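Here is a short note for a colleague who has not seen this structure before. The points are numbered so that each can be checked against the view below.

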Amino acid sequence: MADVNRGNRPLSPHLQVYRPQLTSITSIFARITGVALLGAAILVVWWFFAASMGADYYNVVNGLMTSFIGDVVMFLALWALCYHALSGLRHLIWDIGIGLEVETAEKMGLGVIFGSVILAILVAVIV
C-alpha cells in the first residue's frame with residue numbers, strides 16, 4: 001500500500017536540520033583536496049608533456065608554472081597534499097578505534113588543519 005503522507009514530510013534530515021561540525025567540515029575538505037590534487041597532478045603532467053614537445057612549448061608552460069600564479073597554485077597543491085595526508089592518517093587512527101570521543105575528534109580536526117598549514121610552509125621553505 002502506498003504511503004499517502006510521503007509528500008508531507010522530508011525524506012531525510014539534511015542541512016536545514018544539522019549544524020556543521022568540525023569533523024564533518026574536515027571530512028568534506030578531505031574530499032575537496034583529493035579532487036584538487038587530481039587537478040594539480042594534471043598540471044604537473046602537462047608540464048612534463050611540454051618538456052617532451054620541445055623548447056618553445058616548454059618555455060611557455062614553464063613560464064606559466066613558475067610565475068606568481070603558478071607558485072600560488074603549486075603551494076596550494078602542496079597544502080592540499082599535506083591536508084589530505086594528515087586527514088587520511090586521522091581516519092586510519094579512527095579505524096583502529098582510537099580518538100572517537102567528541103573532544104578528541106575535534107582536537108584531531110584542529111590538528112589536521114593547523115598541522116597541514118605548518119607542514120606545507122615547512123616543506124616549501126626547506127625544498
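**Notes on the model**

1. S87 is found in helix 3. The model is a predicted one, and the values here are computed from it. S87 has a relative accessible area of 1%, so it is buried; the cut-off for buried is under 20%. Leaving aside residues up to four places away in sequence, S87 touches T26, A30 and V112. T26 and A30 are among the buried residues of helix 1, and V112 is among those of helix 4.

2. Where does this residue sit in the overall layout? The protein has four helices and zero strands, and along the sequence the pattern reads α-α-α-α. The chain has 127 residues, of which 20% count as buried. If one takes the contacts between residues at least 6 apart in sequence, 64% of them join residues at least 24 apart.

3. Helix 3 covers residues 68-95. Its 28 residues should span 40 Å at 1.5 Å a residue, and its end C-alpha atoms are 40 Å apart, so the two values agree. Just after helix 3 comes G97, which takes a positive phi of about 90 degrees.

4. Which residues of helix 3 are buried? They are G70, A77, L78, A80, C82, Y83, S87, R90 and W94. An arginine, R90, is included in this list. These buried residues pack against helix 1, helix 2 and helix 4. In sequence numbering, helix 1 is 22-53 and helix 2 is 55-65.

5. Helix 3 also holds an aromatic pair, and the count for such pairs comes to one. The ring centres of W79 and Y83 are 5.4 Å apart and the ring planes stand at 35 degrees, so the pair is tilted. Planes under 30 degrees apart would count as stacked, and planes over 60 as edge-to-face. W79 and Y83 are four residues apart in helix 3, which means that about one helical turn separates them.

6. Are the two partners of the pair buried or exposed? W79 has a relative accessibility of 23% and therefore counts as partly exposed. Y83 has 2% and therefore counts as buried.

7. Helix 1 has 32 residues, which should span 46 Å at 1.5 Å a residue; its end C-alpha atoms are 46 Å apart, so there is agreement here too. The buried residues of helix 1 are T26, S27, A30, T33, L37, A40 and A50. They pack against helix 2, helix 3 and helix 4. After helix 1 comes G54, with a positive phi near 130 degrees.

8. Helix 4 runs over residues 102-126. It has 25 residues and reaches 35 Å from its first C-alpha to its last, close to the expected 36 Å. A105, M108, G109, V112, S116 and A120 are buried in helix 4. The cover over these residues includes helix 1 and helix 3.

9. What lies on the outside? The protein exposes about 9,400 Å², and carbon and sulfur atoms supply 72% of that area. On the surface, F68, I69, V72, V73, F75, L76, V117, I121 and V125 form a nonpolar patch with about 840 Å² of accessible area together. Helix 3 and helix 4 are the elements that give two or more residues to the patch. Helix 3 supplies the largest share, six residues.

10. Two members of the patch can be looked at one by one. F68 lies in helix 3, and at 66% relative accessibility it counts as exposed; the cut-off for exposed is over 50%. I121 lies in helix 4 and has a relative accessible area of 43%, so I121 is partly exposed.

11. How far apart in space are I121 and L78, C-alpha to C-alpha? The distance is 8.9 Å, although I121 and L78 are 43 residues apart in sequence. L78 is among the buried residues of helix 3, whereas I121 belongs to the nonpolar patch on the surface.

Methods
Residues numbered from 1 in each chain as written. Predicted model: local features only at pLDDT ≥ 70, side-chain atom pairs only at ≥ 80, totals over all residues. Heavy atoms only, no water. Patch = residues over 30% accessible without salt bridge, like charges linked within 9 Å, V, L, I, M, F, W, Y side chains within 5 Å. Areas by Shrake-Rupley, 256 points an atom, 1.4 Å probe, with all protein chains shown as cover. Salt bridge = Lys/Arg side-chain N within 4 Å of Asp/Glu carboxyl O. Buried < 20%, exposed > 50% of the residue type's maximum accessible area, 1.4 Å probe, protein only. Expected span 1.5 Å × (residues − 1). Contact = heavy atoms within 4.5 Å. Phe/Tyr/Trp six-rings, centres within 6.5 Å; stacked < 30°, edge-to-face > 60°.
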